Amino acid sequence: MKVLYKNNDSSPGDNQIKPGLEVANTGSTALNLSTVKLRYYFTRDAGATTFSTWCDYAAIGCGNIHTSVVTLATPVSGADSYLEVTFTGGTLAAATGATLADLM
């Protein structure tokens, strides 16, 4: 499995990040998406305490995706939080990809 990233919002002044993520199954058997957890690490703006997340589009349907924002207990260089994306079900056939876009 591999995950590809695309920046879907390069405007620094709009207080949004829109990571475009594509999950690709590079294996030879189907991938059970309920076993997959994606994390997109970022640094919050000063004073930001709450976040809204949403799925704009997913090939498997946004209803099959769950998102949450987690604050790191110990920040690291370049990140104090992450967006976590999990799947409620579905499979990804061998040697295929599924695009997930605008997740936050």
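A residue is taken as buried when its relative accessible area is under 20%, as exposed when that area is over 50%, and as partly exposed in between. The structure described here is a predicted model, and the burial classes below follow these limits.

The model holds 1 disulfide. A disulfide is a covalent bond between the sulfur atoms of two cysteines. In this chain the bond is formed by Cys55 and Cys62, whose sulfur atoms lie 2.3 Å apart. The torsion about the S-S bond of Cys55 and Cys62 is about -65°, and the disulfide is therefore left-handed. The two cysteines fall into separate burial classes: Cys55 has a relative accessible area of 19% and is buried, whereas Cys62, with a value of 29%, is partly exposed. Because the limit for burial is under 20%, Cys55 at 19% is assigned to the buried class. Cys55 can also be placed relative to His66, a residue of strand β6, which spans residues 65-76. His66 and Cys55 are separated by 11 residues in sequence and by 8.7 Å in space, C-alpha to C-alpha. The relative accessible area of His66 is 46%, so this histidine is partly exposed.

Aromatic contacts were examined next. The count comes to 3 aromatic pairs. In one of them, the ring centres of Tyr5 and Tyr40 are 5.7 Å apart and the ring planes meet at 25°, so the pair is stacked. This assignment follows because planes under 30 degrees apart count as stacked. The pair links distant parts of the chain, as Tyr5 belongs to strand β1 (residues 2-7) and Tyr40 to strand β4 (residues 37-42), with the two positions 35 residues apart in sequence. Tyr5 is partly exposed at a relative accessible area of 46%, while Tyr40 counts as buried at 19%. Another pair joins Phe42 and Phe51, with ring centres 5.7 Å apart and planes at 80°, so the arrangement is edge-to-face. Here the deciding limit is an angle over 60 degrees. Phe42 is buried, with a relative accessibility of 8%, and Phe51 is partly exposed, with a value of 31%.

Phe51 also takes part in the lining of the largest pocket. This pocket has a volume of about 430 Å³. Its lining comprises 18 residues, and those nearest the centre are Asn15, Gln16, Ile17, Asp45 and Phe51. Sorted by class, the lining contains 7 nonpolar, 7 polar and 4 charged residues.

The largest nonpolar core consists of 15 residues, among which Leu38 and Phe87 touch the most other members. Strands β2 (19-25), β4 and β7 (79-87) each contribute at least two residues to this core. Strand β4 is also the element that carries Tyr40 of the stacked pair.

A further residue considered is Ser28, located in the loop between β2 and β3 (31-32). The relative accessible area of Ser28 is 71%, which places this serine in the exposed class. Ser28 and Ala93 lie 65 residues apart in sequence, yet their C-alpha atoms are 8.4 Å apart in space.

Note on methods. Residues are numbered from 1 along each chain as its sequence is written. This is a predicted model: local features need pLDDT of at least 70, side-chain atom pairs count only at pLDDT 80 or more; totals for chains, interfaces and linings use all residues. Side-chain values use heavy atoms; hydrogens and water are left out. Rings of Phe, Tyr and Trp (its six-membered ring) pair if their centres lie within 6.5 Å; planes under 30 degrees apart count as stacked, over 60 as edge-to-face and the rest as tilted. Helices (H or I, at least four residues) and strands (E, at least two) are DSSP runs, numbered from the N terminus. Buried means under 20% relative accessible area, exposed over 50%, partly exposed in between (1.4 Å probe, protein chains only). On a 1 Å grid over the protein atoms alone, a cavity is a set of points where a 1.4 Å probe fits but cannot get out, and a pocket is an open set with protein on both sides within 12 Å along at least five of seven lines; lining residues have an atom within 4 Å of a point. Grid points are joined across faces, edges and corners, and a volume is the space filled by probe spheres set on the points. Ala, Val, Leu, Ile, Met, Phe, Trp, Tyr, Cys and Pro count as nonpolar, Asp, Glu, Lys and Arg as charged, and the others, Gly among them, as polar. A nonpolar core is a set of buried Ala, Val, Leu, Ile, Met, Phe, Trp, Tyr and Cys residues joined through side-chain atoms within 4.5 Å. A disulfide is a pair of cysteine sulfur atoms within 2.5 Å.
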